[in-house]
Amino acid sequence: MIKIGIIANRDKDEGLKVTSLLVKSIKDNGAEPVMADDLAKDIGEEIRNFCEEDVIKKSDIMICLGGDGTFLKCGRKIFSRRIPILGINLGNLGFLTEVDKNEIDPAIKRLVNGDYDIEERMMLETTIIRDGKEIMHDIVLNDVVISRGWMSKILHLKTYLNNQFVDLYPGDGLIISTPTGSTAYSLSAGGPIVEPDMKLIIVTPICPHLLYSRSFITTGERVLKVLVVETNCHGAMLTVDGQNGYELMGGDSIITKKSSQYLKVIRLSDRNFFDVLRSKIYDRGEKIK
């Protein structure tokens, strides 16, 4: 029997109504729902002394209910266990989430029957080096964002590829993104759209104080180093996937490269990437007439 783990965003599922429908569908289709005790208790399911970590360990497939933020949070927890993940969209845009809340039962039927594809999404690993020592290391699905602090002061960032100087970027910061993250913050900052199965790194300046400054794309085999030039950053930050934040200091180096880890994302739709792009971003989910 296939065990399907469930992680739900309570803020987006009022009264856990969609979660309850999901659990019923999983049971009706001959699979076993697996969830933490606090969630099970609130929807009237059996308490099994499970925490979220137990759910991840015991599941064959993971389903998260929420928006893209929920998907990123869940994906960051499960990628190392190589469990495929499916997102059910309870948010607005939901670019990472594959299934609408009104399509749950047919989606579960396909999962149970093995009628789905798996995309391996490239991830990045990023490290902060301070005074020659590693002070932070994290794995990223969407993007690494280096941004100025609370003072409205330009941040100067020297950028290198494989230790070869690229440029000095004065401005509000830099976004270093995966192809998956190319449709997130990077896109809003003027970055290019990249198909999610590519193995590339996208670097996009945030409000650059240069007329010619543009995004650039490099192969995933290169190592990107960003040096914070300022002696005083006034609270500059490095943020990963919008989930974790780390304060930066002048002289810090941020080293980012392709990770050996991948996130396995379940795909049920036969639509190509650009169909999804039009639906999710251009039309904001509304059908072209």
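Q: How far apart, N to O, are the side chains of Lys 77 and Glu 52 in their salt bridge?
A: The model is predicted: local features need pLDDT of at least 70, side-chain atom pairs count only at pLDDT 80 or more, and totals for chains, interfaces and linings use all residues. Residues are numbered from 1 along each chain as its sequence is written, and side-chain values use heavy atoms, leaving out hydrogens and water. A salt bridge needs a side-chain nitrogen of Lys or Arg within 4 Å of a carboxyl oxygen of Asp or Glu. For Lys 77 and Glu 52 the N to O distance is 2.4 Å.

Q: How many residues apart in sequence are the parts that Lys 77 and Glu 52 tie together?
A: Helices (H or I, at least four residues) and strands (E, at least two) are DSSP runs, numbered from the N terminus. Lys 77 lies in helix α4 (residues 68-78) and Glu 52 in helix α3, so the bridge ties together parts whose separation in sequence is 25 residues.

Q: Is Glu 32 buried or exposed?
A: Buried means under 20% relative accessible area, exposed over 50%, and partly exposed in between (1.4 Å probe, protein chains only). Glu 32 forms a salt bridge with Arg 48, with the closest N and O atoms 2.9 Å apart. Arg 48 is partly exposed at 32% relative accessibility. Glu 32 has 18%, so it counts as buried.

Q: In which helix do Glu 53 and Lys 57 both lie?
A: Their side chains meet in a salt bridge at 3.3 Å, N to O. Glu 53 and Lys 57 are four residues apart, about one turn, and both belong to helix α3.

Q: What geometry does the aromatic pair of Tyr 160 and Phe 165 have?
A: The structure holds one aromatic pair. Rings of Phe, Tyr and Trp (its six-membered ring) pair if their centres lie within 6.5 Å; planes under 30 degrees apart count as stacked, over 60 as edge-to-face and the rest as tilted. Tyr 160 and Phe 165 are 5.6 Å centre to centre with 65 degrees between the planes, so the pair is edge-to-face.

Q: Which residue lies over the face of Tyr 160?
A: A charge sits over a ring if NZ of Lys or CZ of Arg is within 6 Å of the ring centre and within 35 degrees of the ring normal. Tyr 160 itself is buried, at 17% relative accessible area. At 4.9 Å from its ring centre lies Lys 225.

Q: What phi does Asn 162 take in the hairpin of β9 and β10?
A: Strands pair if DSSP finds at least two bridges between them. Strand β9 (residues 155-161) and strand β10 (residues 164-171) pair in the antiparallel sense over seven bridges. Two residues stand between the strands, and Asn 162 takes a positive phi near 50 degrees.
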